[in-house]
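Here's a quick walk through one model, taking in its strands, a helix, the cores and a pair of cysteines. Have a look at the structure first.

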Amino acid sequence: MQHIDDELMRVAMHAASRARLISRPNPWVGAVVVAADGRRFVGHTHAPGDMHAEIHALRQAGDAARGATVYSTLEPCNHTGRTGPCTEAIIDAGVNRVVVGVHDPDPRVSGTGIERLRNAGIDVLAGVLHDEIHEQLAPYLHHRRTSRPWVVLKMAMTVDGSITSGDPHSPWITGTEARRRVHELRAESDAILVGAGTVRTDDPQLTVRDADGPSPRRIVLGSAPAGARIHPCTEWSGPLPDLLDDLGRDGVIQLMVEGGARVATSFHEAGLVNRYVFHIAPTLAEPGKRVPAFVGDTHGVLGDVMRGRFRSVTTYGRDVEVVVDAADLTKPEQTR
């Protein structure tokens with residue numbers, strides 16, 4: 001039966017992907033109700049205050065939910081917020097079995113959803129496609145565990161590691177496809193941050209224009225000049241951990257850091273980056289004008305080097321996106 005559970009959970013994951021841009025600050029969840037006669041009813045989380053994924057699927061199923069199996073990528077909620085508990089709806093629908101991808105670390109749920117279903121006599125299986133769903137929900141899970149946003153540091157660079165090509169006639173390092181990908185990352189983020197130097201030099205808008213989805217809240221480290229296109233924005237001059245605490249309280253699930261070597265270095269050295277996204281172009285920087293992604297003392301020994309693995313490598317046009325998670329980076333033991 002495992003292969004059937006895996007197959008149907010992947011259907012739920014596909015549905016969850018449709019909720020990614022509309023559900024925040026709620027998690028983007030997918031659900032499938034499989035009736036006793038084999039019919040499938042698929043749902044996903046709607047906008048805040050509207051249906052959760054399980055409710056969406058159950059309403060489509062109607063009476064067919066009695067005796068059915070429900071697949072949900074995240075543990076069903078067990079509390080009343082702007083909507084009622086999904087556990088209650090599942091029990092009232094007469095569902096026989098529930099299959100869950102990952103537990104919800106939200107203190108209002110945190111195992112109580114599964115416990116309530118089991119206490120109602122429902123068979124619950126948890127952990128199906130756990131690793132894949134954990135990846136899909138990583139920003140949400142991190143936010144609920146730490147009360148801080150998941151920080152994505154995105155840097156565009158030449159193949160020799162410079163964040164500028166040195167070509168005054170071409171402000172872009174990467175091509176159209178990679179830049180479109182950046183707008184997708186922005187749409188997936190609740191806030192985006194650059195340094196005041198980047199604002200003065202590039203006057204970016206930091207909006208979503210080449211992809212579907214909302215534009216993120218804009219944050220500047222320092223002061224943005226009057227008339228800069230980034231306005232309205234939040235200007236911040238305090239410690240970075242305090243900023244993350246404030247954003248987390250405001251419901252920011254994902255923060256995208258997009259501008260400036262000094263800003264990137266500040267987040268990196270403070271250990272505040274969760275995911276590094278490097279867009280690498282098949283270009284060599286002009287000699288003498290190379291600007292590294294991270295500034296400061298770059299001298300070290302082999303034992304100081306952080307080593308990990310590529311989370312993903314994707315081609316966008318002529319450019320390559322390389323994703324590395326901070327959790328995968330470690331310092332190996334020095335060898336002689």
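Two strands count as paired when DSSP finds at least two bridges between them. This is a predicted model, and in it strand β8 (residues 217-221) meets that rule with strand β9 (residues 234-236): three bridges join them, and they run parallel. Leu 221 stands opposite Trp 236 of β9.

β8 also pairs with strand β7 (residues 191-195), again in the parallel sense, this time over five bridges. Here Leu 193 sits opposite Ile 219 of β8. To get from β7 to β8 the chain passes through helix α8 (residues 196-202), and this β-α-β crossover is right-handed. As for cover, four of the five residues of β8 are buried.

Now for helix α2 (residues 53-61). It's largely enclosed by the rest of the structure, because seven of its nine residues are buried. Those are Ala 53, Glu 54, Ile 55, His 56, Ala 57, Leu 58 and Ala 61. What covers them includes β1 (30-34), β2 (40-44), β3 (69-74) and α3 (86-92). Right after α2 comes Gly 62, with a positive phi near 60°.

Which residues touch the most other members of the largest nonpolar core? Out of 41 residues, they are Met 9, Val 33, Leu 58, Val 98 and Leu 137. At least two residues of this core come from each of α1 (2-17), β1, α2, β3, β4 (97-102), α4 (112-119) and α6 (138-146). Leaving aside residues up to four places away in sequence, Met 9 touches Tyr 71, Ser 72, Thr 73, Val 99, Val 100, Gly 101, Val 128, Leu 129 and Ile 133. Apart from the largest core lies another, of 27 residues, among them Met 155, Leu 193, Leu 247 and Val 324. Leu 193 is also the β7 residue that faces Ile 219 in β8.

Last, the cysteines. Why don't Cys 77 and Cys 86 form a bond? Their sulfurs are 3.6 Å apart, too far for one, since a disulfide needs the two sulfur atoms within 2.5 Å. The disulfide count for the model comes to zero. Both residues are buried, because their relative accessible areas fall under the 20% cut-off:

| Residue | Relative accessible area | Closest cysteine sulfur |
|---|---|---|
| Cys 77 | 8% | Cys 86, 3.6 Å |
| Cys 86 | 1% | Cys 77, 3.6 Å |

How values were computed: Residues numbered from 1 in each chain as written. Predicted model: local features only at pLDDT ≥ 70, side-chain atom pairs only at ≥ 80, totals over all residues. Heavy atoms only, no water. Buried < 20%, exposed > 50% of the residue type's maximum accessible area, 1.4 Å probe, protein only. Right-handed = clockwise from strand over helix to strand, strands pointing away. Contact = heavy atoms within 4.5 Å. Core = buried A, V, L, I, M, F, W, Y, C linked by side-chain atoms within 4.5 Å.
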